[in-house]
Number of protein chains: 2
Amino acid sequence: MATLVHTATTSGTDIAPSTLSAMPSNGNTPEQTVNSSTRSTRKIKHCHVFATHSQQRTSCLTQGAETPSFLGFRNLMILVLIVSNLRLMIENFRKYGVLICIRCHDYRRDDVKYGLLLYLSVPCHLFIAYMIELAAAQQAKSAVARMKKAGEEQNTPEKVAAARRSFNWSWRIIAFLHGVNSSANLLIATHVVYNRIHHPGIGTLCEMHAIIVWLKTASYAFTNRDLRHALLHPDQSEPLPEIYASCPYPRNINWKNLCYFWWAPTLVYQPVYPRTERIRWMFVAKRLLEVAGLSIVIWIASAQYAAPLLQNSLDKMFTLDFVSIVERVMKLSTISLFCWLCGFFALFQSFMNALAEVMRFGDREFYGDWWNVSSVRAYWTTWNKPVTNFMRRHIYNSLVRRGWPAMYAQVAVFVLSGILHELLVGVPTHNILGVAFAGMMIQIPLIFLTDVIQKMKGMGGEVMGNMIFWISFCLVGQPLAALLYFFAWQAKYGSVSKQYQESPALQFFVRR
Amino acid sequence: MATLVHTATTSGTDIAPSTLSAMPSNGNTPEQTVNSSTRSTRKIKHCHVFATHSQQRTSCLTQGAETPSFLGFRNLMILVLIVSNLRLMIENFRKYGVLICIRCHDYRRDDVKYGLLLYLSVPCHLFIAYMIELAAAQQAKSAVARMKKAGEEQNTPEKVAAARRSFNWSWRIIAFLHGVNSSANLLIATHVVYNRIHHPGIGTLCEMHAIIVWLKTASYAFTNRDLRHALLHPDQSEPLPEIYASCPYPRNINWKNLCYFWWAPTLVYQPVYPRTERIRWMFVAKRLLEVAGLSIVIWIASAQYAAPLLQNSLDKMFTLDFVSIVERVMKLSTISLFCWLCGFFALFQSFMNALAEVMRFGDREFYGDWWNVSSVRAYWTTWNKPVTNFMRRHIYNSLVRRGWPAMYAQVAVFVLSGILHELLVGVPTHNILGVAFAGMMIQIPLIFLTDVIQKMKGMGGEVMGNMIFWISFCLVGQPLAALLYFFAWQAKYGSVSKQYQESPALQFFVRR
């Protein structure tokens with residue numbers, strides 16, 4: 001230290017600012033001072049007196065300070081999830097050996113046959129809906145022609161009433177036909193999946209396909225009903241959205257328009273959608289690579305880690321050893337969270353963007369930033385925008401318009417959503433336990449709880465709301481529901497995979 | 001569905017916007033449209049034709065889109081860390097029972113005695129530095145008086161040279177005294193900790209205290225040297241920072257000013273600091289509660305989880321079973337990350353803010369948002385601002401000023417930092433392995449690597465840089481270093497805790 005003599009002779013040294021900027025400073029940077037010293041060459045700059053603490057500042061984690069970005073923690077979280085799951089996979093590998101096995105899956109030939117049949121038959125209901133609309137459009141066209149023929153006749157109140165009666169009468173017939181068609185779709189698919197398709201994976205795909213087409217059919221019917229009403233009662237109607245101007249009713253009732261809606265990544269029918277200029281095939285390729293990569297990751301993680309874990313949990317479930325069940329659910333929560341995040345990204349970001357790109361579909365808002373929500377309500381309106389958009393346009397707004405209080409309309413949306421969730425989980429696993437339905441119903445009190453909590457300003461209510469969301473959804477809800485359906489499945493059938501059929505716990509359940 | 005007949009009679013229903021806003025929409029909200037329908041009461045609003053997809057939008061996770069906030073993932077990460085550690089604590093509790101035990105710690109009476117002696121003796125070196133500066137200030141004052149007495153005499157070049165020689169000559173003596181004083185501080189403390197204090201916890205506290213006082217002494221000496229130089233050569237010097245104006249040299253060399261610096265949460269001496277108006281005692285109480293709570297959490301987590309885990313890893317270390325070591329390090333990484341984050345928050349946010357509040361110290365920037373860094377360099381300049389400020393002002397800038405290339409100056413900073421890290425870890429554990437020093441040296445190539453990577457724009461270079469930082473630091477560096485020092489400790493002494501002394505692995509190492 002005695003050698004650190006600071007002589008004036010070195011003070012004029014020219015230092016390029018770029019080399020100094022390697023060590024970024026805060027507030028008054030040394031670069032500025034060095035630069036000014038090179039301007040007035042003979043003045044000595046005393047670097048040891050530099051005022052490091054020149055102003056009042058707060059720590060960035062202190063409440064009330066400007067919140068910093070937490071992007072780094074997203075990366076850390078991804079790493080922690082990968083590392084902790086990888087470690088448990090190593091552990092399981094040492095215990096059980098390689099559990100990943102393509103040929104071990106004993107799906108039956110019948111499963112594939114019925115799955116293919118459903119895959120081909122379900123979209124037919126969309127074409128039937130198209131036929132119904134085609135007829136309705138014909139009728140509307142002739143009604144317009146009659147109105148034109150009547151010419152400049154004054155629209156007396158009696159005539160308006162007659163027109164309304166006529167519209168409502170024909171809509172009742174059309175609605176009845178649509179109802180029969182779409183209900184048939186859902187009933188047939190559910191019947192086949194529940195009774196004929198044993199494999200839960202194939203069953204889930206078929207059921208999901210049927211529900212998607214069911215929602216699309218409903219949206220197609222509702223939207224065209226309103227478009228027809230607007231055409232027949234132009235003086236009573238508010239103007240339609242500007243974007244529809246390029247394809248007015250009934251020109252939208254055509255084969256090409258229907259096929260676009262069939263494949264477009266949305267559940268909400270519009271005659272016209274915002275479109276992109278061209279297809280970026282590199283973008284499509286990258287997204288499809290992501291889908292493939294993530295699917296493989298999810299498959300490996302569930303085969304090597306989740307499956308033996310679920311298996312291990314069975315006897316604890318049976319003996320109702322509470323502390324052990326909690327421990328198992330906690331252990332499951334990491335892998336279910338991992339699979340959930342991978343699956344969400346693969347489906348909503350990668351797959352939907354690839355599909356949208358191929359369809360030149362412009363509105364890619366398939367999800368919002370649901371990971372930041374401070375209320376369970378916000379989660380349900382941001383994580384799955386296609387379904388939210390459907391529910392808002394065709395259920396919630398429609399009910400509110402008919403005079404329902406907003407809260408009742410929301411409950412109705414959750415009831416419908418709960419039924420669809422139960423169909424999606426309970427039917428393919430052949431166990432209509434009601435757990436998925438109950439899970440959706442529990443959301444309603446949770447919404448009121450987090451709505452109250454997030455408003456508690458001073459006490460970090462938003463962070464608390466977000467924590468409650470994560471705990472309820474990813475750390476308790478999902479793994480517990482997975483455990484219950486797996487347990488019920490095992491109790492009824494034993495495993496889908498041949499490897500476990502000698503498990504003593506399983507033998508017990510099968511013998512039951 | 002056939003009952004969903006939309007009649008015009010319900011279209012005039014008044015819906016309060018507040019109830020609708022419960023379901024937030026994007027773009028054109030239904031509220032707007034409902035409001036406009038209530039204005040022109042007789043027009044029918046067709047809710048089923050609402051243009052949900054009215055414009056082109058991108059998914060918020062798509063590259064190039066405006067990056068959303070990831071605050072929620074910070075919360076999820078905290079939860080995942082808590083849950084996964086809690087689960088492993090339950091597992092360990094079932095295996096080993098309660099391992100948390102206050103009386104099991106066999107620190108020796110001598111450890112406490114020497115610890116207390118060091119706690120009292122170390123600050124004395126700061127007072128000796130004060131004495132040295134008091135004498136230097138006296139000398140400077142008389143020099144100024146002589147200069148004043150010489151009156152309006154012209155400052156000839158010879159006189160300037162003579163004054164400079166005189167200053168340098170007296171600075172050599174002062175620097176020698178400071179050097180002896182501060183070196184004695186570090187040497188005595190290191191000697192006592194290494195040879196007399198067996199307990200690693202007490203040893204670490206003592207060594208850290210000595211290093212802090214050593215750095216404070218150095219900053220005090222360097223800063224006052226430059227202030228003195230500026231006083232004696234007012235015509236050659238750049239103006240001092242404005243904030244120092246209220247306490248010019250040599251008025252700052254007084255007992256109260258020194259005591260403030262002694263307790264202020266900074267390692268950089270300034271005659272004047274930005275100060276807050278008053279002490280918010282509630283703020284202090286909250287911060288101290290955080291310190292207490294987090295300390296207990298860290299203690300429980302390490303006793304119940306980290307200790308048996310380290311113990312389990314010993315035989316794997318001995319047999320050099322590589323896959324097992326990797327698995328152990330991965331398992332350790334979760335708990336070490338957890339303890340690190342808790343410890344960081346407790347020390348840098350809670351403790352330092354409490355101390356700063358009591359001292360009315362205004363500049364609370366004790367850390368930056370190091371979790372977002374995309375380069376290892378940025379990490380080292382943001383996570384520990386007190387040390388960074390010291391290194392930048394007294395080492396880096398000083399060396400650059402003397403003509404060192406910026407890169408060499410950075411290497412010098414890392415070498416010094418490595419020595420201090422080794423003192424802090426190697427001395428209290430009585431094993432100067434050089435791992436901590438090597439860990440700091442490895443940062444230099446890592447810095448160059450991440451500097452290159454973070455500039456790769458198109459390929460998410462910043463995210464990759466951030467990942468490399470997390471992997472190198474939290475997921476590999478820390479747990480591996482902890483394992484190595486723990487292994488060396490066990491090999492030399494056996495456990496600090498009585499419970500493990502019958503461990504067969506330990507018996508082997510002790511017998512060695």
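A residue counts as buried when its relative accessible area is under 20%, as exposed when that area is over 50%, and as partly exposed in between, judged with a 1.4 Å probe on protein chains only. The exercises below concern a predicted model, in which local features need pLDDT of at least 70 and side-chain atom pairs count only at pLDDT 80 or more, while totals for chains, interfaces and linings use all residues. Residues are numbered from 1 along each chain as its sequence is written, chains are lettered from A in the order in which they are written, and side-chain values use heavy atoms, with hydrogens and water left out.

**Exercise 1. Classify B:Asp111 and its salt-bridge partner B:Arg108 as buried, partly exposed or exposed.**

Step one is to find the pair: a salt bridge requires a side-chain nitrogen of Lys or Arg within 4 Å of a carboxyl oxygen of Asp or Glu, and the closest N and O atoms of B:Asp111 and B:Arg108 are 3.7 Å apart. Step two is to apply the accessibility rule: B:Asp111 has 0% relative accessibility and is therefore buried, whereas B:Arg108, at 41%, is partly exposed.

**Exercise 2. Work out which parts of chain B are tied together by B:Arg228 and B:Glu133.**

Begin with the distance, since the closest N and O atoms of this salt bridge are 2.9 Å apart. Next, place the partners, taking helices as DSSP runs (H or I, at least four residues) numbered from the N terminus. B:Arg228 lies in helix α7 and B:Glu133 in helix α5 (residues 124-149), so the pair links parts of chain B that are 95 residues apart in sequence. Both of these residues are buried.

**Exercise 3. Describe the contact between chain A and chain B, and the salt bridges found there.**

First, count the residues: with contact meaning heavy atoms within 4.5 Å, chain A and chain B contribute 144 residues each. Second, consider the buried area, which is the accessible area (1.4 Å probe) that two parts lose on being put together, summed over both; here it is about 13,700 Å², with 63% of it on carbon and sulfur atoms. Third, turn to the charged pairs, of which there are 2 salt bridges between the chains. In the pair formed by B:Glu327 and A:Arg87, the closest N and O atoms are 2.8 Å apart. Helix α3 (residues 71-96) of chain A gives the most to the side of chain A that touches chain B, with 17 residues.

Finally, follow B:Glu327 further: its side chain also meets that of B:Arg328 in a salt bridge (3.1 Å, N to O), and both B:Glu327 and B:Arg328 are buried. Through shared partners, salt bridges join A:Arg87, A:Glu91, B:Glu327 and B:Arg328 into one network.

**Exercise 4. Determine how chain A and chain B are related by rotation and shift.**

Superpose the copies by least squares on the C-alpha atoms of residues with pLDDT of at least 70 in both. A rotation of 180° with 0.0 Å of shift along its axis brings chain A onto chain B, with an RMSD of 0.1 Å. The two copies are therefore related as by a two-fold rotation axis. The same surface serves both copies, as 99% of the contact residues of chain A recur in chain B.

**Exercise 5. Locate the cis peptide bond at A:Pro250.**

The bond joins A:Tyr249 and A:Pro250, and its omega is about 5°. A:Pro250 belongs to the loop between α7 (200-232) and α8 (255-263) of chain A. In chain B, the peptide bond from B:Tyr249 to B:Pro250 is cis, with omega near 5°.

Conventions: Helix = DSSP H or I, 4+ residues; strand = E, 2+ residues; numbered from the N terminus.
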